[in-house]
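Open the model in your viewer and keep the selection panel at hand. The stops below tell you what to pick next and what is there.

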Amino acid sequence: MNASGLCDICGKPDVDHVCDRCGRLVCERHYDDGHGVCTECATELGLGDEHVDPDDLPNDVDIYRF
Ligand SMILES: [Zn+2]
Ligand SMILES: [Zn+2]
């Protein structure tokens, strides 16, 4: 079966997945199988591990320094 469309993130024609959250078509590379969302949404929801913003750390927790 052929999905009609291009990956909304990288523009590749091989889209197999639809994001559960934003509904865009994404290719395998840009789909988070574990969460059923695209990598953009995964990042927004803090599910991805590719980008961690230090500012998101709670202020009341001391940061350990090695
Ligand atoms: Zn893609
Ligand atoms: Zn999404």
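Buried here means under 20% relative accessible area, exposed over 50%, and partly exposed in between. Keep in mind that this is a predicted model.

**Stop 1: zinc ion (ligand 2)**

Start with Cys41. Its relative accessible area is 2%, so Cys41 is buried. Now show the zinc ion (ligand 2). Which residues coordinate the zinc ion (ligand 2)? Select Cys19, Cys22, Cys38 and Cys41: each gives its SG atom, at 2.3 Å. The 4 donor atoms make angles of 102 to 116 degrees, and the site is tetrahedral. Along the chain, the donors of this zinc ion (ligand 2) are spaced C-x2-C-x15-C-x2-C. The pair Cys19 and Cys41 links distant parts of the chain. Cys19 sits in the loop between E1 and E2, Cys41 in helix H1 (residues 39-44), and 22 residues separate them. Check Cys19 as well: with a relative accessible area of 3%, Cys19 is buried.

**Stop 2: zinc ion (ligand 1)**

Move to the zinc ion (ligand 1). Its protein donors are Cys7 (SG), Cys10 (SG), Cys27 (SG) and His30 (ND1). They lie 2.0 to 2.3 Å from the zinc ion (ligand 1). Why is the arrangement around the zinc ion (ligand 1) tetrahedral? Because the angles subtended by the 4 donor atoms run from 101 to 118 degrees, and four donors count as tetrahedral if all angles lie between 85 and 135 degrees. The donor spacing of the zinc ion (ligand 1) reads C-x2-C-x16-C-x2-H. Here too a pair links distant parts of the chain: Cys7 and Cys27, 20 residues apart. Cys7 is in the segment before strand E1 (15-18), while Cys27 is in strand E2 (residues 25-27). Colour both by accessibility. Cys7 has a relative accessible area of 4% and is buried. Cys27, at 6%, is buried too.

**Stop 3: the salt bridges**

Side chains of opposite charge can pair when their charged atoms come close. How many salt bridges are counted in this model? The count is 2.

Select Glu44 and Arg21. Their side chains form a salt bridge, 3.3 Å from N to O. Glu44 belongs to helix H1 and Arg21 to the loop between E1 and E2, so this pair ties together parts 23 residues apart in sequence. Is Glu44 buried or exposed? Glu44 is exposed, at a relative accessible area of 58%. Arg21 is partly exposed, at 44%.

Next, select Glu40 and Arg24. This salt bridge is 3.8 Å, N to O. The pair links distant parts of the chain, with Glu40 in helix H1 and Arg24 in the loop between E1 and E2, 16 residues apart. Glu40 has 38% relative accessibility and counts as partly exposed. Arg24 is partly exposed as well, with a relative accessible area of 24%.

**Stop 4: strand E3**

Go to Tyr31, in strand E3 (residues 31-32). Its relative accessibility is 16%, so Tyr31 counts as buried. Show the residues around Tyr31. Beyond four places in sequence, Tyr31 touches His17, Val18, Cys19, Val26, Gly36, Val37, Cys38 and Thr39. Two of these names, Cys19 and Cys38, you have met as donors to the zinc ion (ligand 2). Draw a C-alpha to C-alpha distance from Tyr31 to Cys19: it is 7.3 Å, across 12 residues of sequence.

Step to Asp32, also found in strand E3. At 19% relative accessibility, Asp32 counts as buried, because the limit is under 20%. Which side chain of opposite charge is nearest to Asp32? That is Arg21, 12 Å away, and Asp32 has no salt bridge. What does the side chain of Asp32 reach instead? Look at the backbone nitrogen of Gly34, at 3.0 Å. Leaving out neighbours within four places in sequence, Asp32 is in contact with Val37 and Ala42. Val37 also appears in the contact list of Tyr31. For a last distance, take Asp32 to His17: 9.4 Å from C-alpha to C-alpha, with the two 15 residues apart in sequence.

Note on methods. Residues are numbered from 1 along each chain as its sequence is written. Chains are lettered from A and ligands numbered from 1 in the order in which they are written. This is a predicted model: local features need pLDDT of at least 70, side-chain atom pairs count only at pLDDT 80 or more; totals for chains, interfaces and linings use all residues. Side-chain values use heavy atoms; hydrogens and water are left out. Helices (H or I, at least four residues) and strands (E, at least two) are DSSP runs, numbered from the N terminus. Buried means under 20% relative accessible area, exposed over 50%, partly exposed in between (1.4 Å probe, protein chains only). Contact means heavy atoms within 4.5 Å. Lys and Arg count as positive and Asp and Glu as negative; His and the chain ends are not counted. A salt bridge is a side-chain nitrogen of Lys or Arg within 4 Å of a carboxyl oxygen of Asp or Glu. A polar contact is a pair of N or O atoms within 3.5 Å; within protein, one must be able to donate a hydrogen and the other to accept it, and residues adjacent in sequence count only if both atoms are side-chain atoms. Donors are N, O and S atoms within 2.8 Å of the metal (3.2 Å for Na, K and Ca); water is not among the atoms, so sites may look incomplete. Four donors count as tetrahedral if all angles lie between 85 and 135 degrees; four count as square planar and six as octahedral if opposite donors are over 155 degrees apart and all others between 65 and 115; anything else is irregular.
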